Amino acid sequence: MLLKTKALTKNFGGLTALNNIDFHIEEGEIVAIIGPNGAGKSTFFNVISGFYPPSSGSITFGEHEFTNIATHKFARMGIARTFQTTCLFTEGTVLDNLIVGHRLKTTMGFWDAVLNTPRARREEKESREKAWDVLGFIELDKIAGEMVGNISQEAAKRLAIGLALVTEPRFLLLDEPAAGINHDETNGLVQLIKKIQKAGTTVCLIEHKMQMVMNLADRIMVLNYGSKIAEGTPSQIKNNQQVIDAYLGGDSNA
Amino acid sequence: METAERNRSMWKLGTYLLLLVVAIVYPLVASNSYYVHVIVMSFIFAIAVYGFNLIVGYLGQLSLAQAGFFGIGAYMSGLFTMKLHMSFWLSLPLTAFLTMLISLPIGFISFRTKGNYFAIFTMCVGIIINLVIEKWDSVTGGNTGLIGIPQPNNLGPISFDSVISQYYLVLAFLVITIFVMTRLVNSLVGRTFMSIRNSSDLAATLGINVMANKILAFAIASFFTAIAGVLYAHYIRFIGPDASGLNMTFDFLLSLLIGGQASIAGPLVGSLLSTGLTEGLQSLQEYRMVVFGILLILIVKFFPMGIVGGLQLLRFKLMKRFAKTDVAGIAQMKPSKGESHAAENKSIN
């Protein structure tokens, strides 16, 4: 088991955004989290990726149990994420973004930089190589030199995933990776996520595009008003009356 | 692609060497020592502005405490050499190091705030340092300040009693500063600072220790600002509390904005221009601020990245136009594609 939450609860003042969530993810799975807007999906992501500390309950990742750890340490444990509003370093090129993403694997400091030590040169080279590897993997090597502000929405979505991958995560959290891109581009993204799974990374995603979720996920958790209302395989979820009432309704292509 | 990069770095190296030759020859051909003095002053300021640039330009945090560190550097070294009769050559590194140590707890507390709050907080720190210097009569001489700070001690056969010899001393420190900054900002460390400027949340998600990096930049900046303060004290040989005042910080800021933040040439260009203008417009006295005000508005409006940033943009545009005409076509198409997707995105949400 890679990640396990037990009675995970998050309150914002009087509002319970997450209520006693018991959940687990196995190594190598693709798990989707669905639910209506405001169901607590993003809060769940923010808690398990270290953005918010939980109000109560526990999270276990691999052998670590954590409750209150600084955000930057999550990446070092092997948890990477993307944001709902695609978040990139907009002032640099596509390649620049990925190079800095590899920073956590490097150790050079001030003196290495000033004296241009062998370590500085080696780590700079490694970071570039890693960046090019990932660029190839996310199929953006043709636009490596473009400024991030000029690239298409699809490329930005892929780059955000690439930025998470460059940290070499064991566990990847994708917050609405397919929002705002068209049908064909979504299919391309499904292929990419399957490729990530094949490469050995466990994936957890939030997504509203049901066709994509049903097609991709091994397992689905459904949240509503901060509580888990169902969990199961895509076909179990599709036929779950509670889920249909709360979320899917008649419009399963939303 | 690699040869092009090598060509570019050769060009850069050539430009740097040419500029260095100009800087070395300048005092020998300058018609009087006043012109040399003006350049010495701008070089000293440039060193401080390089430190400032690291925090404001590369790290993206507007610290308004910098003149405080300039003042600490100037006073500390003045006291070391006057009261303890320490050699300038020991006092300089010791002062820079101690000022850096002082900056660490200040950075640690200040960086708990963000954005505008950080600017206001550090401004208060600057004011407190200024007040301590002004009110601590028994040590700092209060409003009178320190008078008769010794010139740098002889270095073997070289003495520093002429303006020209001081010019070369300051130039040497400026070259070291530029060298360190260039290496730093072009390294992974510099990239890390810039990623924090861009989005500290994203940087943290990628495993970057945002706090530690902010403090590192703050410490390096204070180190160089202190060096500038020391050089200033031993060049002017009289310092008052004004050396640590808020006006000084805004002079640094003015130079940085005129020259161009987050660039290597910016602080030097800005310091030369602002010091040159200040001296050139002396006859206007306080009204020269009117000229600066208008200049600053024009620069912020038309060259938000300063003169150097403006020139870089111009070069980039020219290169695109001449190198590949088809690139321009693609570049024009892409934003509209992005926009239509953005619109689609909105309608879904």
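In this predicted model, strand β1 (residues 3-12) of chain A and strand β4 (residues 56-61) of chain A run antiparallel and are joined by 5 bridges. Within that pairing, Thr5(A) has Ile59(A) of β4(A) as its bridge partner. β4(A) also pairs with strand β5 (residues 64-66) of chain A, again antiparallel, this time through 3 bridges. Here Phe61(A) sits opposite His64(A) of β5(A). The hairpin made by β4(A) and β5(A) leaves 2 residues between the strands, and Gly62(A) adopts a positive phi near 55° there.

Then there is an open sheet of 6 strands in chain A, ordered β6-β7-β8-β3-β9-β10, with mixed pairing. Its edges are β6 (79-81) and β10 (227-232) of chain A, each of which pairs on one side only. On average, and ignoring direction, neighbouring strands in this sheet are turned by 20° against each other. At the β6(A) edge, the pairing with strand β7 (residues 171-175) of chain A is parallel and uses 3 bridges; Arg81(A) has Leu173(A) in β7(A) as its bridge partner.

Two helices lie across strands of this sheet. Helix α7 (residues 183-198) of chain A lies across β3 (30-34), β7 and β8 (202-206) of chain A, and runs at about 150° to β8(A). Helix α10 (residues 241-248) of chain A, for its part, lies across β3, β9 (219-224) and β10 of chain A, at about 125° to β10(A).

As for helix α6 (residues 153-165) of chain A, its 13 residues should span 18 Å at 1.5 Å a residue, and the end C-alpha atoms are indeed 18 Å apart, so the two values agree. α6(A) is mostly covered too, with 13 of its 13 residues buried.

Terms used
Residues are numbered from 1 along each chain as its sequence is written. Chains are lettered from A and ligands numbered from 1 in the order in which they are written. This is a predicted model: local features need pLDDT of at least 70, side-chain atom pairs count only at pLDDT 80 or more; totals for chains, interfaces and linings use all residues. Two strands pair if DSSP finds at least two bridges between them. Helices (H or I, at least four residues) and strands (E, at least two) are DSSP runs, numbered from the N terminus. The expected span of a helix is 1.5 Å times one less than its number of residues. A residue is buried if 20 or more other C-beta atoms lie within 10 Å of its own, exposed if 12 or fewer, and partly exposed in between; C-beta atoms are placed from the backbone. Axes are lines fitted to C-alpha atoms, for helices over the stretch in contact, and angles run from 0 to 180 degrees between N-to-C directions. Two residues are in contact if their C-beta atoms, placed from the backbone, lie within 7 Å.
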